[in-house]
Amino acid sequence: MRETSLPLDDMIVCPQCDAAYSLRRPDVGERARCARCGTALITPRRKAGLQIIALSLTVAILIVAATVFPFLTITAAGTSNSVSILDAALAFSDGPLIALSLATAALIVFIPLARVLLSMYVLVPIVLDRPPARGATQAFRLSEAMRPWSMAEIFAIGCAVALVKITDLADVGFGPAFWMFCALVFLVVVQDNFLCRWSVWNSLEKPKT
């Protein structure tokens, strides 16, 4: 793909550096990348829609389950205590820190869950060769706007740092939710890499009839 001046329908713009290119859809398995910054612009994959829906459903189940089951068990001085992800996020739910608690819960639980639900809402009709769902364009735009605020992986890194610091003070055991959370962080990354955003926008703007 090379930089040129064409009608808008025949152009694609890099979301990172705003370089404009003539639009040519690559074959399945190939990628169209920005020549200036290397950002992937179009990444078509065969049956990618079904794979993304399956990943989204799995992530949604893991998020719900990870908030219910124990995340960590800490034992010190003969006393053991189990804590879930929501318990940790809402640890400071009393007093003026309640806003921080709610923000933490949103960033690590509710926003990631909302993103996968919005993805399924948008993609299911497209995969089934049906017209887009009502408000699908706004739903996909909202999902993309929330992407920088979905911080499940940041929470995982923070937990790793905290565990290193407390292992000398107490015995730490990993609960089922810990492994669920590790799996969902990995699946969220895979899902984002599988998703060809240009293909979704193209399907929403030019639906099959």
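**View 1. The cavity of this predicted model.** Let's start with enclosed space: the count comes to one cavity of 30 Å³ or more in this predicted structure. The largest cavity holds about 110 Å³ of space. Its lining is made up of 14 residues, and those closest to the centre are Arg115, Val116, Ser119, Gln191 and Asp192.

**View 2. Who lines the largest cavity.** Here you can follow the helices around the lining of the largest cavity: helix 1, helix 3, helix 4 (136-146) and helix 6 each contribute at least two residues. Helix 3 gives the largest share of this lining, with five residues. In character, the lining residues of the largest cavity comprise eight nonpolar, four polar and two charged.

**View 3. The largest nonpolar core.** Now for the packing. This core has 25 residues, and the members that touch the most others are Ala66, Phe71, Ile85, Phe155, Phe181 and Leu184. At least two core residues come from each of helix 1 (48-68), helix 3 (98-127), helix 5 (152-166) and helix 6 (176-194). Helix 6 provides the largest share, eight residues. In soluble globular proteins, nonpolar side chains tend to be buried together.

**View 4. A close look at Phe181.** Leaving aside residues up to four places away in sequence, which partners does Phe181 touch? They are Ala66, Phe71, Ile85, Ile108, Ala152, Phe155 and Ala156. Among these partners, Ala66, Phe71, Ile85 and Phe155 also appear with Phe181 in the list of core members that touch the most others.

**View 5. A second core.** Separate from the largest core, a second core has 13 residues, including Ile52, Ile53, Ile111 and Leu195.

Notes. Residues numbered from 1 in each chain as written. Predicted model: local features only at pLDDT ≥ 70, side-chain atom pairs only at ≥ 80, totals over all residues. Heavy atoms only, no water. Core = buried A, V, L, I, M, F, W, Y, C linked by side-chain atoms within 4.5 Å. Buried < 20%, exposed > 50% of the residue type's maximum accessible area, 1.4 Å probe, protein only. Helix = DSSP H or I, 4+ residues; strand = E, 2+ residues; numbered from the N terminus. Contact = heavy atoms within 4.5 Å. 1 Å grid on protein atoms, 1.4 Å probe; cavity = no way out; pocket = protein on both sides within 12 Å on 5 of 7 lines; lining within 4 Å. Points joined across faces, edges and corners; volume = space filled by probe spheres on them. Nonpolar A, V, L, I, M, F, W, Y, C, P; charged D, E, K, R; others polar.
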